[in-house]
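Biologist: I have not looked at this one before, so could you walk me through it?
Modeller: Gladly; here it is, and we can take your questions as they come.

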Amino acid sequence: MLSHLSRISFRSLVQLLAVAAMGVAGPAWLCRKLDYPDNIVTQEGPVGRPFDPAAEMQKLKKSKPQWVLIGNSMLNSRIDQEELSEISGWKARKVSQGGTQSALWFLFLKKVVLESGARPIVVSIFFRDTDLTWPDFRTKGMHAELIDLLEGTTQPEWKTVFARSDEARGFEGRIEQGLQAVFPTKDLRPLARRQMQERALRLTRYGSEFNSSGRRVELNLRFSLKHLRRDLGSDFAPSGQSADADVSSSGAVIDPGLYEDGPKIFDPSPQASFLPHMLNLAKENGITLHFHRIKRRPGADHQRPDSTYLQAYLVELRKWLQANGALFSDESPDLGIRLEMYADGDHISGEPAVAERYLKGFWGLAGPLLAPLKPASGPEPK
Amino acid sequence: MIFQSIEYVIFLVSLLALYFWLPRREQNLLIIIASYIFYGWVHPWYLILIGITTIFDWGCAIGMENSSTQARKKAFFITSISVNLLILGVFKYFGFFAENFTAVLTSIGLMPSPWIVKIALPAGISFFTFQSISYAVDVYKGRSRACRSIIDYATFVSFFPQLVAGPIERAGHMLPQYAQRRGLNLEGMRTGLLLLLWGLFQKVVIADSAALIADKVFSLGDPSFPILWSGVLAFGVQIYADFSGYTDMARGSARLLGIELCKNFNHPYLAQSPGAFWRRWHMSLSTWFRDYVYIPLGGSRHGEGKMARNLIITFFLSGMWHGASWNYVIWGTYHGVLVALWPFLAKRVPVLTEKTGAFGIILRVGVTCMLMHLGWLMFREHSLAMLAHDLALNPFAAPVSEWRMGAALGIEALLYGLPLLVLLPLLQRLGALPQPEDPRITSWKWTALQGLAVAACVYGIASMRCDVGSDFIYFQF
């Protein structure tokens, strides 16, 4: 080996080291040298409605709802806040964004609902299966941008939850942290992507009055749920399969790929999810939390049986939530929520008759739970 | 294991730390162990397949060479080919044929309910079986000597950089390299590192960003003509950057280990005819089909009609190689027809021949690009009903707003593709990309340029990589 090493020329070695040094030092310097504008607004949800925390807070402050509903497109496709207010007699308001998951729901509660100064009596969170204890689900890409906007990663609860996942990632996690320390580009990436999009939009501005954010909204609307293929899982049946593909010919439900990576066991510890932190926040602010599990797309027999592990998980979840003063409802056993009521994936269709039927069913479940909390004065339910 | 992961970096660095200390035989042994770890990382049972292929083909090749009679030699040859085709048939095509067979029986009422058996498709199966088949054919035809060392042969079959998505190598190119000890070559390491980073840039910046646009468009149920074609354009950028990126990462990794892999791409979108495209795109597969299918079928030896037939059959099989699905069959046949028809068309339309000036070149490149992208539509669109819908779209029915949106999406995809589509050909044209054997590589000027190129790639990867990553498209083949 030594004789082999002696054949390596000193010049070659220096050249290799020089190339490596340029490859590290140059980009590291550039990453620090560039100034990032602090007004990057890059968040756009899959449903095409940009989420603006300040505007949401303003609306909450102004409307002072008694009931806030947090969630993603599962909530959006199911609940119309005006209709709900009318049917329930509770002044209801949604704080939602398509594609979001538990990390962002926690931030919606902490950074939007509570910071707005509105003090709702109840906050309902719409979730699917194991969403509530799957903190890192959908925290990347456009979700990361929204998380940054809500200062998510600086929250102490965030650090508690993700400290364990960083630890669990061990050596690999430390390497990633090291890379981020050398090349601090987390803030730069959304900006770079946004600039690329901006250039493309500007190059096609001719013949129209150019309004950058208007064009983005236009694009988002063009790719919104109602334009997606029915056979594609928009929030989401397994991609590349038909909307009914998660139901076998025998009618038994196969666990769809989307949730295969999720937690299999219910873990209520503060390091495992945002769930206990949401409950703490609610307690501190005198709010009751209500967790509503939505029914995922059923089979042709309108049933959606749970796998064995999910049954055990849900029993534990319900028990723990109720022991901690939260409310729990589950629409999955409701056979009245039929297959034909679904649009794509797990979304409920926007047909008026379907929406009405759904809303009645939902209020039928939530109403008795919320009844003891209702203040004496207020509009009577319809 | 995938190239664009931290695990791979740790894996490669650990391997390199050991590799150059070892003698030749042990170097190959280490490559085999590393390759099996790489390939079996997620699904260890895949290793059984690769093990079977290796042992059978190695044994059969020696059997062929030791055979005293032609019949015996042929028997070994047929055994080797059959084992490879059986593996490919069962794991890649069984589901497809069974599905179509039951669909036909069900439609005529002979089967009350369809039954479908799903068999998991091991990654890269088409690549290593084709490499093994080429070895068996070469030994049978006397073009290669049978490899006597099982270690060298197993290295040839399993070499991890090219195992999952090629390039599909030939024994004549690889076995002599494995027969020598690889010493530490710092110049090779420099260019290898650059190739690796350039490949990574193509994948995580260009391909993954273009994929966001293509995936978006192909998830629409009601695309208009301009939006659909912006998605096809984005897919054209995506698939090129994805596959070329993989190949460059494979070549870069191999070069770090002192092994040279063949080139797989040569600016395919600058091709001036469909035939030229296939001489520039996935070159190792194109030459494989040329040598082991097209020429044995008769090639161009028996007149234009037979040549056209042979081309269509070859491309039909190439389509099938890409995937067990009707859209790939249509895609392959489409290319066969294009390549076969082009010479006839060129005779009648002079501008299609390669003898005209700049205008002709631009026109031919443009027409070829459009035809290739029509092919990409067939490749990307798995639903035949949607494909029919897409092909029937009327460009005049789309409102201006749709054209504007489509143009914006298409331009965005092209902006991401610029380094690959424009900058690289330009640099190569200027002679600015020397190979490791080029004497200029040792000069300080080239060292500085390489340093700048590495810095540009690293900066690009750090600042523009797409957070939503995806698998390499060719892994599924």
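Biologist: Which residue forms a salt bridge with A:R78?
Modeller: In this predicted model, A:R78 pairs with A:E331, and the closest N and O atoms of that salt bridge are 3.2 Å apart.

Biologist: And where do those two sit in the chain?
Modeller: A:R78 is in the loop between α4 (73-76) and α5 (81-88) of chain A, while A:E331 is in the loop between β5 (327-330) and α14 (352-370) of chain A, so the pair ties together parts that are 253 residues apart in sequence.

Biologist: How many salt bridges are there over all chains?
Modeller: Searching the whole structure gives 29 salt bridges over all chains, and the count between chain B and chain A is 2.

Biologist: Which residue of chain A does B:D222 form a salt bridge with?
Modeller: B:D222 forms a salt bridge with A:R222, where the closest N and O atoms are 3.2 Å apart. Between chain B and chain A there are also 5 residue pairs in polar contact, both residues being at pLDDT 80 or more.

Biologist: What parts of chain B touch chain A, then?
Modeller: The elements of chain B that give two or more residues to that side are α1 (6-19), α9, α17 and α18, and α18(B) gives the most, with 13 residues. By class, the side of chain B that touches chain A has 33 nonpolar, 12 polar and 12 charged residues.

Biologist: How much area do the two chains bury between them?
Modeller: Chain B and chain A bury about 4,800 Å² between them, with 67% of it on carbon and sulfur atoms. Of the area that chain B buries against chain A, 14% is supplied by B:I6, B:R404 and B:Y459, which is more than any other three residues supply.

Biologist: Switching to pockets, how much space lies in the second largest one?
Modeller: The second largest pocket holds about 1,100 Å³ of space, and the elements that give two or more residues to its lining are α10 (188-203) of chain A together with α9 (186-217), α10 (225-256), α17 (400-429) and α18 (444-464) of chain B.

Biologist: Which of those gives the largest share of the lining?
Modeller: That is α18(B), which contributes 10 residues to the lining of the second largest pocket.

Biologist: And which residues lie nearest the centre?
Modeller: Of the 44 residues that line the second largest pocket, B:W198, B:L424, B:L427, B:L433 and B:C457 lie nearest its centre. By class, the lining has 28 nonpolar, 11 polar and 5 charged residues.

Technical notes. Residues are numbered from 1 along each chain as its sequence is written. Chains are lettered from A and ligands numbered from 1 in the order in which they are written. This is a predicted model: local features need pLDDT of at least 70, side-chain atom pairs count only at pLDDT 80 or more; totals for chains, interfaces and linings use all residues. Side-chain values use heavy atoms; hydrogens and water are left out. On a 1 Å grid over the protein atoms alone, a cavity is a set of points where a 1.4 Å probe fits but cannot get out, and a pocket is an open set with protein on both sides within 12 Å along at least five of seven lines; lining residues have an atom within 4 Å of a point. Grid points are joined across faces, edges and corners, and a volume is the space filled by probe spheres set on the points. Helices (H or I, at least four residues) and strands (E, at least two) are DSSP runs, numbered from the N terminus. Ala, Val, Leu, Ile, Met, Phe, Trp, Tyr, Cys and Pro count as nonpolar, Asp, Glu, Lys and Arg as charged, and the others, Gly among them, as polar. Buried area is the accessible area (1.4 Å probe) that two parts lose on being put together, summed over both. A salt bridge is a side-chain nitrogen of Lys or Arg within 4 Å of a carboxyl oxygen of Asp or Glu. A polar contact is a pair of N or O atoms within 3.5 Å; within protein, one must be able to donate a hydrogen and the other to accept it, and residues adjacent in sequence count only if both atoms are side-chain atoms.
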